[in-house]
Amino acid sequence: MEDIDEKNDIIDQYDSPESSDGEIHRSIHLRGMYENWFLDYASYVILERAVPDIEDGLKPVHRRILHSMKDLDDGRYNKVANIIGHTMKYHPHGDASIGDAIVHLAQKDLLIDTQGNWGNALTGDSAAAPRYIEARLSKFALEVLFNPKTTDWKSSYDGRNKEPKTLPVKFPLLLSQGVEGIAVGLATKILSHNFNELIDASIDILNEKEIEIFPDFSSYGMADFSKYNYGIRGGKVRIRAKITQIDKKTLVINEIPATTTTTSLIDSVISANDKGKIKIRKIDDNTAQNVEIFIHLAPGVSPDTTIDALYAFTDCEVSISPNSCIIEDGVPKFLDVREILKMSTHRTLSLLKQELEIKRAELYEQLHFYSLEKIFIEERIYRKIEKCETWESVLKAIDTGLKPFKKNLPGKVTQQDIIRLTEIKIKRISRYDSFKADKMIKDVEEEIKRIDHDLDNLIDYAIAYFKAIKRKFGKGRERKTEIRNFDTIQASMVAVANQKLYVNYEEGFAGTSLKKDEYVCDCSDIDDIIVFRSDGSFNVVKVTEKFFVGKGVIHIDVFKKNDERTIYNLIYQDGMRGKSMIKRCAVKGVTRDKDYYLTKGTKGSKLLYFTANPNGEAEVVKVYLRPKPKLRILNFDFDFSTLAIKGRGANGNILSRHSVRKVIKKEEGVSTLGARGIWFDDTIKRLNSEERGQFLGDFKGDDKILTIMQSGYCKLVNYTLSTHFDENMILIKKYDPEEIITAIYFDNTIGKYYAKRFLVDNTEKKQSFIAEDNETRLIHLLPEKAPRIEITLEKKNKEKVKEIVELKNFITVKGYKAKGKRLHNGEIKKIKLLETESTAKNNNTEIIPGVEGSPSGVSLKENVDITKL
């Protein structure tokens, strides 16, 4: 404690009075310890453990692991236990932390080749013990990470060894792998990006173009990067699992969000089911090399609603908040990923320049010695040392012999050069080939010229380097995570109705626990409830086990925010003796627990008639007036459909200036809202009524939407906004049972093209109109009345002949299961869509088959452009 006191001046000691046992106590003050010791500890954790360096994108532990593996590298696999032991020469921490870091690095599948059970990042299974698994550096790591000539070195923690300060990485490794670390008072979270996209962006930086890069995750999935903010604090990335509907009772998850595992995702689904948020019958995990989780739904549960509920209540959707923090010149800094990539690209440029300059210096040294050797042998200077008796005289004789030639040499002659000349063996002198020597000198001079050219055109050299890296290592590293824009799922709209709502009208209470009182409806435990009372007031409250709604309740139900289709028809008396008013209104958005009025708010107002109509129905009522002198008409009918729908704050129209005795419903109403306009937003693959995307039409009743997939099947779906669509959909439109669909497809089993015309059956079952196998491919869809095509045939003499086919006359309309009719027995080389009335406004589009008549040359984009006519 005395040392601490002398060093930090932080301890004050004083003697206190003797205690009862006769001992003297000392009091030690700790002021200053926090600001000195804590700062030292925080700096150590930030710089030496948790945050990566901008120069190579590695934390110290990863850098030391890779350096150790390079020390051990002989092309063969090494036991991980051996690598851990070797790394401990440089890393002053335990073997467990090093082993975990190796596994984490290896699962990135970039720098380390593995052998054995290394666990599974998808399932969360851990790797086998280090003594059972092996590793070596990948070819990519050996080519990109190491170069001792451009590496700065420092002493290891115990001074016995040398380790690199940073590795000379010639690639944006930090952004490719991503990193996460928690230090003291600081954290970093940089998301992984796509290998090939980073190289393309680096080339754009060298070409002084603007760049835009987004994360990419090895677990695939879909991601919304609209709020990514380029990795800076405050940004957010939403990632979703890819969920596909197999049938009405089964969903399958084939891709999961980053940061989750199949185990954690399944646990979250089970938890949501236990809480009543979703209803599933069972869940099966068939994951092996690829993710495959089957979710079996309970009877009567909508698959589309369940998909949205999985995103809302489980780990099928997660949010990640990036925090791009790096170490630059020994100081933590917050930079966006574009700046990090620019710095990485410029560092790669600098390293390539250093390597070229080092190589050029080595070549000049080589050229210099080749020239010296040539002069030494061809001019027979070695003979001048025969009579020399001392070492100094030998060196002087050689130097004197070289003097006439020094001005033509590429470098200055040093004593070391002369010593090297004396080391040439007689055998080499006797076999010296002057022509071969001249060729070697010329080759070195050519290599120097090439390097000088590369240095003069360094940007082009760096671009060629990046392209070579992509060509050599980029195969199989295409983007895995699909970039999408997600709609916001309202939890209350997709939550399963797992509770029952009851109301006690006499006492004015409602809730899910009042099971002895009157049942109202099913609801979920996150729903809002709207309550209307006889005085015309209403409010919205959160559903709980028991809550006060007030007396005089005339209507209570689950509240749907922004619901434009539920219309309230009402008649009210304005004040104690006022006029009778009538109105129709919708309640779209309100503040929870705040009282509102459907009346003018006059004291003594009361509702005379009230109905809630979920689809905007307008009934006919009979109104009875109170008798009074000179009042001849005591009752009359009124049709609510004659009233316009207004906002909840509107006063309404005057129904009668006389007192109303009662109002009864005379006739049930029909909806006055008409058909509902539906649009399809291709960005998020969802339907909407806000006029976003492609207009599909006005829908009502049993209308349906027709969807056709690239794989050759069609499916009818309803127009609810929660409907999900397959990823390979190429056509979506309002279903017309009389519309004829014309399809052209290629049957690879016989190498022929077929055409067929069919009507889509009015059923929600999947209707496959071509064989679902790899041998049959859909080439063209023509939802037109009289489609025309031009086919180009190639005869045996290679002569090409064109024929026009009127498909309406070529084949009759048959069922969707029919095989169709062969377009031609000859070899078709080209199919061209000709203009009809519906295609007159569009350019002709050609479909060019691939090699040997297969349709490999047809892209999905071409199909999309043609079918959306």
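In the predicted model, strand β37 (residues 705–709) is paired with strand β38 (residues 713–717) in the antiparallel sense, the two being joined over four bridges. Within this pairing, T707 has K715 of β38 as its bridge partner. Both strands belong to an open sheet of four strands, ordered β39-β37-β38-β42, in which the pairing is antiparallel. The edges of this sheet are occupied by β39 (729–734) and β42 (767–768), each of which has a single partner strand, so that one side of each is left without a neighbour in the sheet.

A second set of pairings involves strand β26 (residues 580–586). Seven of the seven residues of β26 are buried, and the strand is therefore largely enclosed by the rest of the structure. In a regular strand, side chains alternate between the two faces of the sheet. Both faces of β26 are covered, with S580, I582, R584 and A586 buried on one side and M581, K583 and C585 buried on the other.

Strand β25 (residues 567–573) pairs with β26 in the antiparallel sense over six bridges, and N569 has R584 of β26 as its bridge partner. These two strands, β25 and β26, form a hairpin with six residues between them, and G575 in the turn adopts a positive phi of about 80°. Strand β26 is also joined by three bridges to strand β32 (residues 653–656), the two running antiparallel, with S656 of β32 as the bridge partner of S580. Three bridges likewise join β26 to strand β31 (residues 645–647), but here the strands run parallel; in β31, I645 is the bridge partner of R584.

Methods. Residues are numbered from 1 along each chain as its sequence is written. This is a predicted model: local features need pLDDT of at least 70, side-chain atom pairs count only at pLDDT 80 or more; totals for chains, interfaces and linings use all residues. Side-chain values use heavy atoms; hydrogens and water are left out. Two strands pair if DSSP finds at least two bridges between them. Buried means under 20% relative accessible area, exposed over 50%, partly exposed in between (1.4 Å probe, protein chains only).
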